[in-house]
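Q: Could you take me through the nonpolar core of this protein, one part at a time? I would like a close look at what packs there.

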Amino acid sequence: MFTGIVETMGSVDKILIDGGNRSFWISSSITQQLKVDQSLSHNGVCLTIEEIDGNFYKVTAIEETLKKTNLEMLEKGTLVNLERCMKMNGRIDGHIVQGHVDTTATCLEAIQLEGSWEYKFSFSEKFKHLVIEKGSICLNGTSLTIFNITDTTFTVAIIPYTYEHTNLNQVTNGWMVNLEFDMIGKYVQRFLSTQS
C-alpha cells in the first residue's frame, strides 16, 4: 500500500529486454535504504526490488504491466516518481493507493498559471464511473484531486512543491501518464454492479 506522496525521483540507467518483460536498473537517493524483495512504487506501479548494486537497483515489469502502464516508454535518463510502501503507524497524507495501475491517460493541455500548473487529461470512457468531482486519483504515483470532469476528461492542479519534486514537470501535450482510480470507489462500484 502507498499514499501517493512521492518521496523522490529515480533515474533509469539501463533497460534489459527479456521476452515480453523489461528490467530497469535505476539510481536514486533512497537506494541505500532499500532491500531485496521490497515493494516500491514507480510512477504509481508497484514493482519488487530484485537486486541492489551500489546506488542502483533492479526491478522488472512483466508484459501485463507494460500493456497497462507507461513503463514501456521509459528510456535511459528518464525520471520516475518513487515511493516506498507506507508504514501502518503513520499518517496517510494522500489517499490509499495500491500501486496497481488501472489504465493510462493522455495530457491534452498543460497550463502554467501564476504560482501553479493545471493539466487536462483524456482517458477511456469505460472508466467514467470511477471519477467524481473533487475526488482522489493517483497520477504517475502522485495523489491528486480531480475537477472539471467529463465522461472522458479531467483536470488536476499542481502546487509548486509537487511540480518541483515529481516528474509531472516533464508532462506536456501528448504525454501518457499512469492512472490508478480510488480503491474505495472501485469496491463500491463492484458491489453495486453485483446487486440485482
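A: Happy to; here is a walk through the core, with a short stop at two loops afterwards. Please keep in mind that this is a predicted model.

Let's start with the largest nonpolar core, which has 21 residues. Inside this core, the residues with the most contacts are Phe121, Leu139, Phe154 and Val156. Strands that give two or more residues to the core are β8 (103-112), β9 (117-122), β10 (136-139), β11 (142-147), β12 (153-158) and β13 (176-181). As a general background, nonpolar side chains tend to be buried together in soluble globular proteins.

Phe121 is a good place to zoom in. Setting aside its neighbours within four places in sequence, Phe121 is in contact with Ala105, Thr106, Cys107 and Leu108, and also with Leu139, Thr152, Thr153, Phe154, Val156, Val171 and Val177. There is also a second, separate core of 18 residues, and among its members are Ile26, Leu34, Ile49 and Tyr57.

Now for the two loops, where the backbone deserves a look. Asn43 sits in the loop between β3 (39-42) and β4 (45-48). Its phi is near 50 degrees, a positive value in a residue other than glycine. Asn43 counts as buried because its relative accessibility is 2%, under the 20% cut-off.

Lys134 lies in the loop between β9 and β10, two of the strands that give residues to the largest core. The phi of Lys134 is also positive, near 65 degrees, and this residue is likewise not glycine. With a relative accessible area of 58%, Lys134 is exposed.

Conventions
Residues are numbered from 1 along each chain as its sequence is written. This is a predicted model: local features need pLDDT of at least 70, side-chain atom pairs count only at pLDDT 80 or more; totals for chains, interfaces and linings use all residues. Side-chain values use heavy atoms; hydrogens and water are left out. A nonpolar core is a set of buried Ala, Val, Leu, Ile, Met, Phe, Trp, Tyr and Cys residues joined through side-chain atoms within 4.5 Å. Buried means under 20% relative accessible area, exposed over 50%, partly exposed in between (1.4 Å probe, protein chains only). Helices (H or I, at least four residues) and strands (E, at least two) are DSSP runs, numbered from the N terminus. Contact means heavy atoms within 4.5 Å.
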